[in-house]
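Q: Please take a close look at a single part of this structure and describe what it pairs with. Then follow the links outward to other parts of the chain.

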Amino acid sequence: MKKVLLVLLGWVMLAGCQSIDYLSIDYLLPAEMSFPNELKRVAIVNNVVEGTPTRLPKLFTDKHDVNDRMQYHKTQYLSGNSKLATESLAQALADGNYFDMVIICDSALRADDKEARRQSLTLNEVNELTQQLDVDFLIALENLELRAESNAAPDYYTGLFVASTDVKVSPTVRVYLPQLTPRSPINKTDSIFWQGFGDDISESVHELPNNQTIVNEASHYAGEFIAKAFIPYWESATRYYFNNGSVAMRDGAYFVKEDKWNEAIKLWQQAFDESKNSKKKMYASYNIALGYEMLEDIEQAIEWATKAQQYALQANQGEIAQLASIYLQQLNTRKQSYASLKMQMQRFDEDF
């Protein structure tokens with residue numbers, strides 16, 4: 001399941017006689033929750049109590065609307081569309097190709113309830129559902145709350161009014177295994193954002209989505225991001241490299257475009273060994289770190305990124321030292337997550 005996406009982009013930043021290119025990479029991160037390898041078939045169920053008023057956390061305090069010619073503010077609390085969110089979660093898990101089978105049961109399980117009862121599924125319900133759906137376990141959506149905050153004000157640089165709606169999306173899900181007590185619920189929050197522009201307040205606010213659009217798109221997004229709690233997922237990131245300064249550095253950059261990282265590392269190592277200058281060693285060691293990361297040798301990448309930071313400080317190159325420091329943090333994050341990822345990918349014989 002190894003996947004590295006290279007997108008070379010033509011951004012150049014002058015740094016003395018040096019310049020920088022950047023590329024986009026995708027790498028795999030572990031899920032928050034790990035499942036035994038024998039759990040291969042999962043059903044995604046809609047266990048949201050229909051018609052239940054949205055529960056407002058204490059920290060959410062509604063604000064009065066302000067409507068005048070120069071300012072606008074509005075806060076709304078909305079219930080998400082549980083059917084859309086359940087479908088989105090099931091689709092995200094299916095697209096991840098982590099489980100052998102993903103089945104969806106998006107009809108609300110509580111729709112026919114005659115009286116209120118506790119929301120979590122009973123052990124009998126879990127056993128019946130897993131048998132009926134022929135799955136090993138269940139993931140249930142149990143609540144979905146939205147907090148939409150809209151603002152509009154003049155932008156004095158453009159002369160236009162700018163309106164925005166920022167929606168906090170808060171799904172709650174729970175994992176159920178047959179014959180076992182339900183696990184604690186998982187609560188996550190993320191945001192989805194819209195903007196509108198106009199010559200006055202009314203025009204800019206009119207460009208914002210209506211409540212139906214907010215609920216539908218936010219509910220779909222809820223399923224996408226909560227899926228990361230259950231399956232390893234791809235993270236996109238930007239990486240930088242120096243593409244000239246010597247023949248070896250320039251030729252190494254050519255091999256980047258060809259996705260030939262071993263050849264690039266050899267040339268950058270040559271540039272590093274031949275240079276007596278701290279600044280040139282800084283550039284070469286930074287590139288070597290990137291090369292080893294692309295070869296999935298994170299330990300070597302950290303070693304060379306540390307060297308790049310040290311040489312940058314010696315050469316009084318504060319911006320490059322900061323760039324190397326950020327890169328070191330990113331590499332250490334990957335290193336820390338690798339053990340969990342390796343364990344989660346054992347079902348694929350660690351082919352990732």
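A: Strand S8 and strand S9 (residues 186-187) are paired in the antiparallel sense, over 2 bridges. In this pairing Val 173 of S8 stands opposite Ile 186 in S9. The model is a predicted one, and every value here is computed from it.

S8 also pairs with strand S10 (residues 190-198): these two run antiparallel and are joined by 9 bridges. Here Ser 164 has Gln 195 of S10 opposite it.

Strand S7 (residues 137-155) is another partner, again antiparallel, with 17 bridges to S8. Within that pairing, Ser 170 in S8 faces Glu 145 as its opposite residue. S7 and S8 form a hairpin with 4 residues between the strands, and in it Gly 159 has a positive phi near 80°. As a general point, side chains in a regular strand alternate between the two faces of the sheet.

How buried is S8? Of the 17 residues in this strand (residues 160-176), 14 are buried, so the rest of the structure largely encloses S8.

From the strands, the next topic is salt bridges, of which the structure holds 11. One of them joins Glu 32 to Lys 188, with 2.4 Å between the closest N and O atoms. Glu 32 sits in the loop between strand S2 (18-29) and strand S3 (41-46), while Lys 188 sits in the loop between S9 and S10, so the pair ties together parts of the chain that are 156 residues apart in sequence. The relative accessibility of Lys 188 is 29%; because buried means under 20% and exposed over 50%, Lys 188 counts as partly exposed.

A salt bridge also connects the side chains of Asp 134 and Arg 41, at 3.1 Å from N to O. This pair too links distant parts of the chain: Asp 134 is in the loop between helix H2 (123-133) and S7, Arg 41 is in strand S3, and they are 93 residues apart. Asp 134 is partly exposed at 48% relative accessibility, and Arg 41 is partly exposed at 24%.

Arg 147 and Glu 149 form a further salt bridge, their closest N and O atoms lying 3.1 Å apart. Both of these residues, Arg 147 and Glu 149, are buried. Elsewhere, a network of salt bridges links Arg 239, Glu 293, Glu 296 and Arg 334.

One more link across the sequence involves Asn 243, in the loop between strand S11 (233-242) and helix H5 (247-257). Asn 243 and Asp 21 are 222 residues apart in sequence, yet their C-alpha atoms are 6.7 Å apart in space. With a relative accessible area of 13%, Asn 243 is buried.

Last, a helix contact. Helix H1 (residues 82-95) and helix H4 (residues 211-226) have axes that come within 7 Å and cross at roughly 35°. The crossing of H1 with H4 is right-handed. On the H1 side, Leu 84, Ala 85, Ser 88, Leu 89 and Ala 92 take part, and they meet Asn 216, Ser 219, His 220, Gly 223, Glu 224 and Ile 226 of H4. Sorted by class, this contact has 5 nonpolar, 5 polar and 1 charged residues.

Technical notes
Residues are numbered from 1 along each chain as its sequence is written. This is a predicted model: local features need pLDDT of at least 70, side-chain atom pairs count only at pLDDT 80 or more; totals for chains, interfaces and linings use all residues. Side-chain values use heavy atoms; hydrogens and water are left out. Buried means under 20% relative accessible area, exposed over 50%, partly exposed in between (1.4 Å probe, protein chains only). Two strands pair if DSSP finds at least two bridges between them. Axes are lines fitted to C-alpha atoms, for helices over the stretch in contact, and angles run from 0 to 180 degrees between N-to-C directions. A crossing is left-handed if the near helix is turned anticlockwise from the far one by less than a right angle, and right-handed if clockwise. Contact means heavy atoms within 4.5 Å. Ala, Val, Leu, Ile, Met, Phe, Trp, Tyr, Cys and Pro count as nonpolar, Asp, Glu, Lys and Arg as charged, and the others, Gly among them, as polar. A salt bridge is a side-chain nitrogen of Lys or Arg within 4 Å of a carboxyl oxygen of Asp or Glu.
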